[in-house]
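I opened a notebook for this structure and wrote down what I looked up. The entries are in the order in which I made them.

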Amino acid sequence: LPPTALYSRVYIWISIGLYILDRLIRTARYAWNNIRPGRATLIREHGGVTKIIVKSRQIKKWTPGSFVLLSLPRFGIVQSHPATISSIPSSHGGGLVFILRAHHGFTTRVFAGASTTSVSSMDASKAAEAQVPAHKSSTHLALIDGPYGGIHLDFASFGTVILVSGSTGVTFTLPVLMDIASRAQKTKLPVREVIFVWAV
């Protein structure tokens, strides 16, 4: 900086301080979420899609639209990939569900390593309880940073809700639908009609 602008240095130091604080908070949160790491079950679906169900002892609360940075060391060391949570805390036995389409790199390796066992072929009682395959040998270590984001607008406060998504974009609209359905069973909501459009 030129001598006439030395007073501006304070703003540079403030920015550096905020960045370091952000890194410290995120590192602490990441360490807390993974004190007892979750286990991920990978299920191969049609269309090159992998359904990932993560059982985490630390992460129990999130809102529709939330996402995490998901790391599966078995398929890429020191790699974290953003993934939207396509479930709600009261569904899938409290597990975090992700739907990833295989493109290249990480998602292709995950798809190749997924089990061909589908939820429909499981024991009925276990499927209802946890909605994951009965065999445990296909689970992998899962490290999670998050959840972040989420919807702050209450869709159930409108009379009609229209949810439109394409392909794996359903990971955003599906939890909104599930949240409305879950809440409607417990209390009376203003919403009267939900139109769900999923283009595949």
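The entries below go from the whole chain to single residues.

Entry 1, the model. I noted at the start that this is a predicted model.

Entry 2, the whole chain. I looked up the secondary structure and found four helices and eight strands in the protein chain. Read from the N terminus, the order of the elements is α-β-β-β-β-β-α-α-β-β-α-β. The protein chain has 200 residues, and 38% of them count as buried. I put down about 11,700 Å² for the accessible surface of the protein chain, with 62% of it belonging to carbon and sulfur atoms. I also looked at contacts with a separation of 6 or more: residues 24 or more positions apart account for 70% of these.

Entry 3, a nonpolar patch. Which residues make the nonpolar surface patch of about 770 Å²? I listed Y7, V10, Y11, I14, L18, L21 and I25. I picked Y11 for a further check and placed Y11 in helix 1, which covers residues 9-33. Y11 has a relative accessibility of 54% and therefore counts as exposed, the cut-off being over 50%.

Entry 4, a charged patch. On the surface I found a patch of positive charge where R36, K55, R57 and K60 gather. K60 sits in the loop that runs between strand 2 (49-55) and strand 3 (66-71). Is K60 exposed or partly exposed? K60 counts as partly exposed, because its relative accessibility is 49% and the class of exposed begins over 50%.

Entry 5, H140. I located H140 in strand 6. The relative accessible area of H140 is 14%, so I entered H140 as buried. I then asked which residues H140 touches, not counting those up to four places away in sequence. The list reads G38, R39, A40, L42, R74, F75 and G113.

Entry 6, a cis peptide bond. I found that G146 and P147 are joined by a cis peptide bond, with omega at about 5°. P147 belongs to strand 6, where I had also placed H140.

Entry 7, I151. I151 lies in the loop between strand 6 (139-149) and strand 7 (160-166). Leaving aside neighbours within four places in sequence, I wrote down T63, P64, G65, F172 and V176 as the contacts of I151. I followed up V176: I151 and V176 are 25 residues apart along the chain, and 8.7 Å separates their C-alpha atoms.

Entry 8, positive phi at H92. I noted a phi near 55° for H92, a positive value in a residue other than glycine. H92 is placed in the loop between strand 4 (81-84) and strand 5 (96-101). With a relative accessible area of 13%, H92 is buried.

Entry 9, positive phi at S167. For S167 I again wrote down a phi near 55°, positive in a residue other than glycine. S167 is in the loop between strand 7 and helix 4 (170-184). Why is S167 put down as partly exposed? Its relative accessible area is 28%, and buried would mean under 20%.

Note on methods. Residues are numbered from 1 along each chain as its sequence is written. This is a predicted model: local features need pLDDT of at least 70, side-chain atom pairs count only at pLDDT 80 or more; totals for chains, interfaces and linings use all residues. Side-chain values use heavy atoms; hydrogens and water are left out. Patches are made of residues with over 30% relative accessible area and no salt bridge: like charges are joined within 9 Å, nonpolar side chains (Val, Leu, Ile, Met, Phe, Trp, Tyr) within 5 Å. Accessible areas come from the Shrake-Rupley method with a 1.4 Å probe; for residues, only the protein chains shown count as cover. A salt bridge is a side-chain nitrogen of Lys or Arg within 4 Å of a carboxyl oxygen of Asp or Glu. Lys and Arg count as positive and Asp and Glu as negative; His and the chain ends are not counted. The place of a charge is taken as NZ of Lys, CZ of Arg, CG of Asp or CD of Glu. Helices (H or I, at least four residues) and strands (E, at least two) are DSSP runs, numbered from the N terminus. Buried means under 20% relative accessible area, exposed over 50%, partly exposed in between (1.4 Å probe, protein chains only). Contact means heavy atoms within 4.5 Å.
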